Amino acid sequence: TPDVFRTAGGQWSVSYGATQSWTVINTSGVGLADLRFADVDGDLRTDVLHPTGDAWNVSWGGSSGWQRLSMRSDTNVAFGDFDGDGAADTFRTGCY
């Protein structure tokens with residue numbers, strides 16, 4: 001079951017497995033519309049990603065500070081388990 005995130009007043013909260021009560025895990029001025037979510041490192045915790053224009057920043061498990069990833073930023077990127085192997089996949093929209 002996926003985790004559910006929300007932002008309010010600069011605080012990030014999560015309901016683990018969409019069944020637990022809300023827990024504040026971090027603070028950030030980045031709005032929900034500018035965030036992406038995926039388990040990038042395979043630890044079964046949802047990581048929070050933010051495109052910055054030239055790179056992606058990640059907050060591991062949503063609770064760490066921002067760390068820069070060595071992949072080009074693209075706001076037309078989506079994350080999900082598209083092949084059913086339990087790992088996060090990345091795809092880019094708007095390509096033909």
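Let us start with a sheet: three strands in the order β1-β2-β3 form an open sheet with antiparallel pairing. Its edge strands are β1 and β3, the latter spanning residues 23-27, and each of these pairs on one side only. On average, neighbouring strands of this sheet are turned by 30 degrees against each other, direction ignored. Please keep in mind as you look around that this is a predicted model.

Now follow the strands of that sheet one by one. Strand β1 covers residues 4-8 and strand β2 covers residues 11-15, and the two pair in the antiparallel sense over five bridges. One place to see this pairing is Val4, whose bridge partner in β2 is Ser15. Together β1 and β2 make a hairpin with two residues between them. In the turn of this hairpin you will find Gly9, with a positive phi of about 60 degrees. Moving on, β2 and β3 run antiparallel and are joined by four bridges. Here Gln11 is a good residue to look for, as Gln11 stands opposite Thr27 in β3.

With one sheet in view, step back to the whole protein. Its secondary structure comes to zero helices and nine strands, so to read along the sequence is to follow the pattern β-β-β-β-β-β-β-β-β. The protein has 96 residues, of which 36% count as buried. Among the contacts with a separation of 6 or more, 17% are between residues 24 or more positions apart.

Further along the chain comes another sheet. This one is an open sheet of four strands, in the order β4-β5-β6-β7, again with antiparallel pairing. At its edges stand β4 (36-38) and β7 (67-69); each has a single partner strand, so one side of each is left without a neighbour in the sheet. From one strand to the next, the twist averages 35 degrees. Inside this sheet, strand β5 (residues 47-51) pairs with strand β6 (residues 56-59) in the antiparallel sense, over four bridges. To find the pairing by eye, look for Pro51, which stands opposite Trp56 in β6.

After β6 the chain enters a loop that leads to β7, and Ser64 is found there. A polar atom of the Ser64 side chain lies 2.8 Å from the backbone nitrogen of Trp60. Leaving aside residues up to four places away in sequence, Ser64 touches Asn26, Val58 and Ser59.

What about the interior? In soluble globular proteins, nonpolar side chains tend to be buried together. Which residues make up the largest nonpolar core here? There are seven in all: Phe5, Trp12, Val14, Ile25, Val30, Leu35 and Val48. A second, separate core has six residues, including Leu49, Trp56, Val58 and Phe79.

Two members of the largest core deserve a closer look. Val30 touches Trp12, Leu35, His50 and Trp66, not counting residues up to four places away in sequence. Leu35 sits in the loop between β3 and β4. Is Leu35 buried or exposed? Its relative accessibility is 7%, so Leu35 counts as buried. With residues up to four places away again left out, Leu35 touches Thr7, Trp12, Val30, Val48, Leu49, His50 and Trp66. You can also compare its position with that of Asn57, 22 residues apart along the chain: the C-alpha atoms of Leu35 and Asn57 are separated by 9.8 Å.

Two of the names just met, Trp12 and Trp66, bring us to the aromatic rings. How many aromatic pairs does the structure hold? It holds two. In one of the pairs, the rings of Trp12 and Trp66 have their centres 5.5 Å apart, with their planes at 80 degrees, so this pair is edge-to-face. Trp12 belongs to strand β2, while Trp66 lies in the loop between β6 and β7, so the pair ties together parts that are 54 residues apart in sequence. How accessible are these two partners? Trp12 is buried, with a relative accessible area of 2%, whereas Trp66, at 34% relative accessibility, counts as partly exposed.

Methods:
Residues are numbered from 1 along each chain as its sequence is written. This is a predicted model: local features need pLDDT of at least 70, side-chain atom pairs count only at pLDDT 80 or more; totals for chains, interfaces and linings use all residues. Side-chain values use heavy atoms; hydrogens and water are left out. Two strands pair if DSSP finds at least two bridges between them. Axes are lines fitted to C-alpha atoms, for helices over the stretch in contact, and angles run from 0 to 180 degrees between N-to-C directions. A polar contact is a pair of N or O atoms within 3.5 Å; within protein, one must be able to donate a hydrogen and the other to accept it, and residues adjacent in sequence count only if both atoms are side-chain atoms. Contact means heavy atoms within 4.5 Å. A nonpolar core is a set of buried Ala, Val, Leu, Ile, Met, Phe, Trp, Tyr and Cys residues joined through side-chain atoms within 4.5 Å. Buried means under 20% relative accessible area, exposed over 50%, partly exposed in between (1.4 Å probe, protein chains only). Rings of Phe, Tyr and Trp (its six-membered ring) pair if their centres lie within 6.5 Å; planes under 30 degrees apart count as stacked, over 60 as edge-to-face and the rest as tilted.
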